[in-house]
Amino acid sequence: MRKDVRILLVGEPKVGKTSLIMSLVSEEFPDEVPLRAEEITIPADVTPERVPTHIVDYSEAEQSDEQLYQEISKANVICIVYSVNNKKSIEKVTSHWIPLINDRTDKDSRVPLILVGNKSDLVEHSSMETILPIMNQYQDIETCVECSAKNLKNISELFYYAQKAVLHPTGPLYCPEEKEMKPSCVKALTRIFKVSDLDNDGILNDNELNFFQRTCFNTPLAPQALEDVKNVVRRNMTDGVQDNGLTLKGQSTFSLRFSLGMRQNIRLLDYSFPRVKIPPDCTTELNHNAYLFLQSVFDKHDKDRDCALSPEEVKDLFKVFPYMPWGPDVNNTVCTNDKGWITYQGYLSQWTLTTYLDVQRSLEYLGYLGYSIIYEQESQAAAMTVTRNKRIDLQKKQTQRSVFRCNVVGSQGSGKSGFLQAFLGRSLQRQRTIREDHKSLYAISTTYVYGQEKYLLLHELMPEFDFLGPDEADLSCDVVCLVYDVNNPQSFEYCAKVYKKHFMDSKTPCMLIAAKSDLHEIRQHYSLTPLEFCRRHKLHPPQPFTCNTSDVPIKDLYTKLTTMAMYPVTDVDSKNSTFWLRASLGATVFAVLGFAMYRALLKQR
């Protein structure tokens with residue numbers, strides 16, 4: 001919203017510019033009129049738009065051309081005043097004033113013009129027949145007002161229209177030359193339609209139309225008013241109403257009539273990027289309401305109810321975005337079905353990942369989907385939870401977090417990527433079908449620890465990656481996976497060096513993964529065997545792992561990692577096999593129950 005509005009009145013001498021200003025201020029016609037009125041300021045509390053308004057007069061007798069040019073450059077809107085009983089003053093509008101103003105203003109930021117026909121009390125006819133062709137010729141002219149300073153006719157309206165031309169311009173919405181809405185306006189209205197179309201059937205029913213009206217214009221419509229709206233649209237276009245609801249074309253027509261009252265400087269950027277303060281060593285997660293909202297968005301676009309989003313359904317979901325936010329790597333970051341389509345669980349996992357890694361991006365995405373509008377929140381920030389400082393979690397030996405990060409470290413070719421993809425249920429054979437440019441350094445899915453659903457985020461670190469110090473090693477993740485290839489004698493040495501350099505004195509739990517365990521194990525070229533190394537540093541024994549199986553890889557290891565992340569310092573003997581058995585069994589039971597419950601909910605809906 002502008003802080004103020006500056007209105008300049010120009011025109012030929014004796015057309016009544018000064019009289020108009022003085023009649024507005026005193027609410028009576030002045031007996032004596034000076035050559036020029038002093039600049040006046042109307043306080044915000046007495047203007048309809050609640051914006052301070054400066055009204056500036058121009059007098060050819062008192063001001064130079066240079067002073068006129070300066071006033072034109074400072075004006076937000078210019079009123080060209082003519083006398084309705086003086087043809088010469090009307091001719092000067094096009095022969096002098098409009099060309100002069102256009103020469104003194106930038107073509108891309110033209111000042112809106114208002115044509116003002118004064119002295120209407122002196123004639124019985126209207127000047128509109130003469131003025132309309134001028135309005136059609138010059139697109140910068142917002143409107144024309146006939147008034148009388150003597151009779152006070154349309155004086156307040158004149159300055160209201162001038163104010164409105166600045167605060168509520170049609171320029172950003174409508175192209176008069178083409179007689180159609182501008183592409184950015186069409187895009188915005190399409191997005192509004194998609195957000196309001198809660199059942200995604202391409203039609204706004206009465207409930208959705210009322211939701212749209214209440215959200216955009218803060219005014220609900222009575223039942224008769226809803227019918228009136230549809231009748232107006234029917235009269236203006238043949239395909240605006242379908243099945244007693246508004247189509248996209250119908251809603252756009254309806255919206256444009258109301259959105260001429262939109263404020264000038266509304267920017268999607270301001271709406272989509274609310275500020276969220278994240279203290280050091282804290283992470284960000286979606287809260288319960290956010291997951292409910294995302295579930296409703298998934299249901300809205302999962303038209304075939306197969307618990308997965310096809311490429312067409314994903315495209316439809318992101319139509320409200322200015323760009324496609326998910327690339328092909330997402331399909332290799334989260335769980336998919338046999339067709340490679342993102343499942344419901346994978347969909348929520350990707351949102352969880354984005355929120356953890358880039359909360360501002362997540363806030364932006366929720367803004368495009370209309371979270372704060374549909375849930376009637378001040379901003380999307382209400383969807384976020386900022387977790388407790390990790391240092392406090394370590395001190396108290398407990399955490400309320402739901403997302404845990406595991407950095408996967410290993411030499412080139414040790415099997416890190418296979419370990420990530422196995423977490424998503426993909427065997428080596430399926431992994432070989434992944435294109436190189438579609439691979440991801442992340443994998444995220446859910447595990448269950450003592451009946452609690454948690455997200456485990458695996459992040460593959462490149463061999464050249466280096467931590468800045470022990471603090472960063474501790475706080476950048478919750479658990480570390482050191483992966484070596486049992487069939488490569490040089491592989492384990494890298495893991496040993498990384499551990500001794502960064503994690504030997506840290507509080508971050510570590511697990512050693514003996515990858516490719518289906519192959520023959522070769523003695524490692526290191527002073528200690530992997531088992532001896534683990535015993536010396538009080539680590540769990542190396543965990544054998546392979547994804548070269550005909551079945552879906554077993555997920556027990558990932559449950560162990562999540563448990564270690566949740567309880568980095570614990571009195572529980574985590575080496576005890578019973579401990580791991582309980583955790584793994586809980587994961588299996590709750591994973592099955594969770595999927596069954598979701599399918600049941602779908603059937604109910």
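These are my notes on one annotated domain, the nonpolar cores and the cysteines of a predicted model.

I use residues numbered from 1 along each chain as its sequence is written, and side-chain values from heavy atoms, with hydrogens and water left out. In this predicted model, local features need pLDDT of at least 70 and side-chain atom pairs count only at pLDDT 80 or more, while totals for chains, interfaces and linings use all residues.

**Domain.** I looked up residues 289-324, where UniProt (unreviewed entry) places "domain: EF-hand"; such annotations may be inferred rather than shown by experiment. I find this stretch 56% helix and 6% strand, with its end C-alpha atoms 24 Å apart (DSSP runs, H or I of at least four residues for helices, E of at least two for strands).

**Cores.** I took a core as buried Ala, Val, Leu, Ile, Met, Phe, Trp, Tyr and Cys residues joined through side-chain atoms within 4.5 Å, buried being under 20% relative accessible area with a 1.4 Å probe, protein chains only. The largest has 38 residues, and Leu294 and Trp351 are among those with the most contacts inside it. Helices H11 (288-301) and H13 (344-357) and strand E17 (452-460) are among the elements that each supply at least two residues of this core. Beyond four places in sequence, I list Leu286, Tyr347, Leu348, Trp351, Leu366 and Leu369 as contacts of Leu294 (heavy atoms within 4.5 Å). A second, separate core of 28 residues includes Tyr58 and Val123.

**Cysteines.** I count zero disulfides, taking sulfur pairs within 2.5 Å. Cys79 is unbonded because its closest cysteine sulfur, in Cys147, is 9.2 Å away, too far for a bond. Cys79 is buried at 1% relative accessible area. Cys495 is in no disulfide either, with the sulfur of Cys481 nearest at 9.4 Å; Cys495 is buried, at 1% relative accessibility.

Note on methods:
Buried means under 20% relative accessible area, exposed over 50%, partly exposed in between (1.4 Å probe, protein chains only).
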